[in-house]
Amino acid sequence: MQSKKEKIVVISGAGISAESGLAIFRDADGLWQKYAVEELATPEAFAANPELVHRFYNALRKQAAAACPNAAHLAIASLEQHYQVVVITQNVDDLHERAGSTKVIHLHGKLCEARSSRNPELVEYIGDVELTEHDTAADGSALRPNIVWFGEEVPAMITAIEEVESADKILVVGSSLQVYPAASLLSYAHHKAEKVLINLESPDFISEYRFLQGKAATEVPKLVASWLGMAAINPTKFV
């Protein structure tokens, strides 16, 4: 009887998307510099000025659609050849999916989706379409980005916690994981799980993690090669 595949949980943050040119969340259309977060990324902001909020997220959506998965995304997807892999991402782009990862949990929502402003469960795929304040959901309410805004609960956290608890290996990449609630995921990891952190800077919780300092697109393929039992490889293999 075939043995059960080991489970790898990847927790990814802004750093991995930055290497695909998406280090721009706070730069989209220059709006983040011109307006406070309360005017762009809260339910109250959307109710007060939906045109402004849509303009901000339309710019983000356009940038994300134009970006391509990098070597780190592709290497992570390749782990599915021999492992059960779950990606938990803080990012709102779909680069992991486009790289080939089949199980991705988005903690903060997805730019390529929109939802009813009345019913969070009424979600629809919009791709890179630009939304306006006149667009409505199937229930007649205003259509809003399917993004978890400041002050809102993170509905995917329960599922994410369950995945982390049962992981044999955990890879944190492109994130210092100092922002809650995502940072709390680390406390649910099994003490025997192999834990690796790849980031440009070393965070405070490094004691339990093997720290590999560097760019995701360089270091992730190296780690993946070792986990897959391959010889040292050039990251361009995953481009």
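Q: Are Phe56 and Tyr57 buried or exposed?
A: Phe56 and Tyr57 are both buried, a word that stands for under 20% relative accessible area, whereas exposed stands for over 50% and partly exposed for the range in between, with a 1.4 Å probe and protein chains only. The model is a predicted one, in which local features need pLDDT of at least 70 and side-chain atom pairs count only at pLDDT 80 or more, while totals for chains, interfaces and linings use all residues. Residues are numbered from 1 along each chain as its sequence is written, and side-chain values use heavy atoms, with hydrogens and water left out.

Q: Why is the pair of Phe56 and Tyr57 edge-to-face?
A: The structure holds 3 aromatic pairs. In the pair of Phe56 and Tyr57 the ring centres lie 5.0 Å apart and the planes stand at 80°; rings of Phe, Tyr and Trp (its six-membered ring) pair if their centres lie within 6.5 Å, and planes over 60 degrees apart count as edge-to-face, under 30 as stacked and the rest as tilted, so the pair is edge-to-face.

Q: What makes the pair of Tyr57 and Trp149 tilted?
A: The centres of Tyr57 and Trp149 are 6.1 Å apart, with 45° between the planes, and an angle that is neither stacked nor edge-to-face is therefore called tilted. This pair links distant parts of the chain, 92 residues apart, with Tyr57 in helix H4 and Trp149 in the loop between S6 and helix H7 (157-165), where helices (H or I, at least four residues) and strands (E, at least two) are DSSP runs numbered from the N terminus. Tyr57 and Trp149 are both buried, and they form one aromatic cluster together with Phe46 and Phe56.

Q: How do you know that Asn91 is buried?
A: Asn91 has a relative accessible area of 8%, which lies under the limit for the word, so Asn91 is buried. Asn91 sits in the loop between strand S2 (84-89) and helix H6 (95-99), and UniProt, in an unreviewed entry, includes Asn91 and Gly174 among the positions of a "binding site"; such positions follow the numbering used here, with feature names shortened, and the annotations may be inferred rather than shown by experiment. Leaving aside neighbours within four places in sequence, Asn91 is in contact (heavy atoms within 4.5 Å) with residues including Gly13, Ala14 and Ile16, and the Asn91 side chain reaches the backbone oxygen of Gly13 at 2.9 Å.

Q: Why does Gly174 count as buried?
A: Gly174 has 12% relative accessibility, again under the limit, and therefore counts as buried. Gly174 lies in the loop between strand S7 (169-173) and strand S8 (194-199), and among the residues in contact with Gly174, beyond four places in sequence, are Gly13, Ala14 and Ile16.

Q: What makes strand S5 and strand S6 edge strands?
A: The open sheet of 3 strands has the order S5-S4-S6 with antiparallel pairing. Strand S5 (123-125) and strand S6 (143-147) each pair on one side only, and so are the edge strands, given that two strands pair if DSSP finds at least two bridges between them. The twist averages 45° from one strand to the next.

Q: How many bridges join S4 and S6?
A: S4 and S6 pair in the antiparallel sense over 5 bridges, which meets the pairing requirement. Lys110 of S4 (residues 109-116) stands opposite Asn146 in S6. Helix H4 (residues 50-66) packs on the sheet, touching S4 and S6, and its direction makes about 50° with that of S6, the axes being lines fitted to C-alpha atoms, for helices over the stretch in contact, with angles from 0 to 180 degrees between N-to-C directions.

Conventions: A polar contact is a pair of N or O atoms within 3.5 Å; within protein, one must be able to donate a hydrogen and the other to accept it, and residues adjacent in sequence count only if both atoms are side-chain atoms.
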